[in-house]
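Please open the model in your viewer with the sequence panel beside it, and keep a selection tool to hand. The tour moves from the whole chain to single side chains, stop by stop.

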Amino acid sequence: MSADGAALGERLREHDLSAAPAALNLLESAVPGDREQAAALLEEVSPLALGGEAPGHVIGVTGPPGAGKSTLLAALLEGWRARGATVAVLAVDPSSRRSGGSLLGDRARIAFDPADRGVFIRSTSAGERLGGLAWATRSAAHALAAAFDIVVIETVGVGQAETEVADVADTVAVVVQPGGGDVLQFYKAGIMEIPDVLVITKADLGEVAKRSKREVTAALRSLGCSSTPVVTVSSLPPPAGIDELIEALAAHRTDGDLGERRLRARRANALSDYLHEHGESGLRALGGRPAAEQLLAMQDPKLDTSALVAALERHAGDR
């Protein structure tokens, strides 16, 4: 029997953090009955039901493997909890193309107190996705933002397709390590165009870290992104730069147009989900991508992603 999606959504709306595991299970399920209940859950945490955008801050953390994302997240978790913020982390791990399995090890790499009920960490498989995000991650992040103060999406870290996290998060932090050639690779891949905050780890390396900061700052300036904060941190005890990073992340959310960014995200996610279900033939049934985007722009801006997908499907069926 499927879980009651509407009840789970209502619990999240009332900041019942204990509803998070069941909500994630439902959103990740591919069972037809569960898909209907998942839509009911998302409706309960939509801007229409909430009377505005979900209050949580959705932060995307991306960067190459080995850059220190999980260690950094452990330090950020400690800093956020010290400030009294509740935190959910969606750590997306790569899956095997051959078996479909996934190590799901990020939860183990992120140090936290398992008895702390203000922290929820879930590792999920990227599945068929190369962009670092499982299909359910998009919906899960915004559902959890109704209950948690901070929702973090830590992506796989596999290259250019990581830029897709910019369609989901309110704030994107790109993490690089000094002396690893990451700056040049990111510049080539276009990832340098997406960070709202750029983080250089391993500040304890001294001059190497300082040189990387100069290189990153120059790369951002050449792209016309000189206003993007560059924060150098060290997660080793005693940690350094963590408070500055927390403040930079919070400042970006305060300064930006959150409603407009989330509206764009819902529309982009709806089109992405529609394409996943119906493919290019489904897109042609709508008259092509420009027509689909125009149709989405005509919908109520407070509708959730699943309702927008349903609108696309109705329109395709009417043509």
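What follows is a series of selections, each with a description of what is found there.

**Before selecting anything**

This is a predicted model, in which local features need pLDDT of at least 70 and side-chain atom pairs count only at pLDDT 80 or more, whereas totals for chains, interfaces and linings use all residues. Residues are numbered from 1 along each chain as its sequence is written, and side-chain values use heavy atoms, with hydrogens and water left out.

**The whole chain**

Begin with a cartoon of the chain, which holds 13 helices and seven strands; helices (H or I, at least four residues) and strands (E, at least two) are DSSP runs, numbered from the N terminus. Then switch on the surface: the accessible area comes to about 14600 Å², of which 51% belongs to carbon and sulfur atoms, as computed by the Shrake-Rupley method with a 1.4 Å probe, with only the protein chains shown counting as cover for residues. Of the 319 residues in the chain, 50% are buried, where buried means under 20% relative accessible area, exposed over 50%, and partly exposed in between (1.4 Å probe, protein chains only). Among the contacts (heavy atoms within 4.5 Å) with a separation of 6 or more, 73% are between residues 24 or more positions apart.

**The nonpolar cores**

Next select Leu12, Leu41, Leu144, Phe148, Val151 and Leu198, which touch the most other members of the largest nonpolar core, a set of 40 residues. A nonpolar core is here a set of buried Ala, Val, Leu, Ile, Met, Phe, Trp, Tyr and Cys residues joined through side-chain atoms within 4.5 Å. Helix H2 (residues 20–28) gives the most to this core, contributing five residues. Another core, of 29 residues, lies apart from it and has Ala75, Val119, Val199 and Leu249 among its members. In soluble globular proteins, nonpolar side chains tend to be buried together.

To look at one member more carefully, centre on Leu12 and leave aside its neighbours within four places in sequence: its contacts are then Ala19, Ala20, Ala23, Leu41, Val45, Ala143, Leu144, Ala146 and Ala147.

**Helix H13 and its two faces**

Now select residues 305–318, helix H13, whose 14 residues reach 20 Å from the first C-alpha to the last; this is close to the expected 20 Å, taken as 1.5 Å times one less than the number of residues. Colour Thr305, Leu308, Val309, Ala311, Leu312 and Ala316, which are the buried residues of H13, and look down the axis: they fall within an arc of 155 degrees, so they line one face of the helix. That arc is the one made by the directions from the helix axis to the C-beta atoms. The buried residues pack against helix H11 (258–285) and helix H12 (289–297), while the face turned away from the buried side carries exposed Arg314, Gly317 and Asp318.

**Two residues of helix H11**

Stay with H11 and pick Asn269, which is found in this helix and is buried, at a relative accessible area of 2%. Beyond its neighbours within four places in sequence, Asn269 is in contact with Arg138, Asp167, Val168 and Thr305. Leu275 is also in helix H11, and its C-alpha is separated by 9.6 Å from that of Val309, 34 residues apart along the chain.

**The salt bridges**

Side chains of opposite charge can pair when their charged atoms come close. A salt bridge is a side-chain nitrogen of Lys or Arg within 4 Å of a carboxyl oxygen of Asp or Glu, and by this rule the count comes to eleven.

Which residue forms a salt bridge with Glu53? Select Arg262, where the closest N and O atoms of the pair are 3.9 Å apart. The two are 209 residues apart, with Arg262 in helix H11 and Glu53 in the loop between helix H4 (47–50) and strand S1 (57–62). Arg262 is buried, with a relative accessible area of 2%, whereas Glu53 is partly exposed at 27%.

Move on to Arg81 and Asp116, whose closest N and O atoms are 2.9 Å apart. This salt bridge joins helix H5 (residues 69–82), which holds Arg81, to the loop between helix H6 (106–109) and strand S3 (119–125), which holds Asp116. Both are partly exposed, Arg81 at 27% and Asp116 at 21%. As a last selection, take Glu53, Asp170, Arg262 and Arg266, which are joined into one network by salt bridges that share partners.
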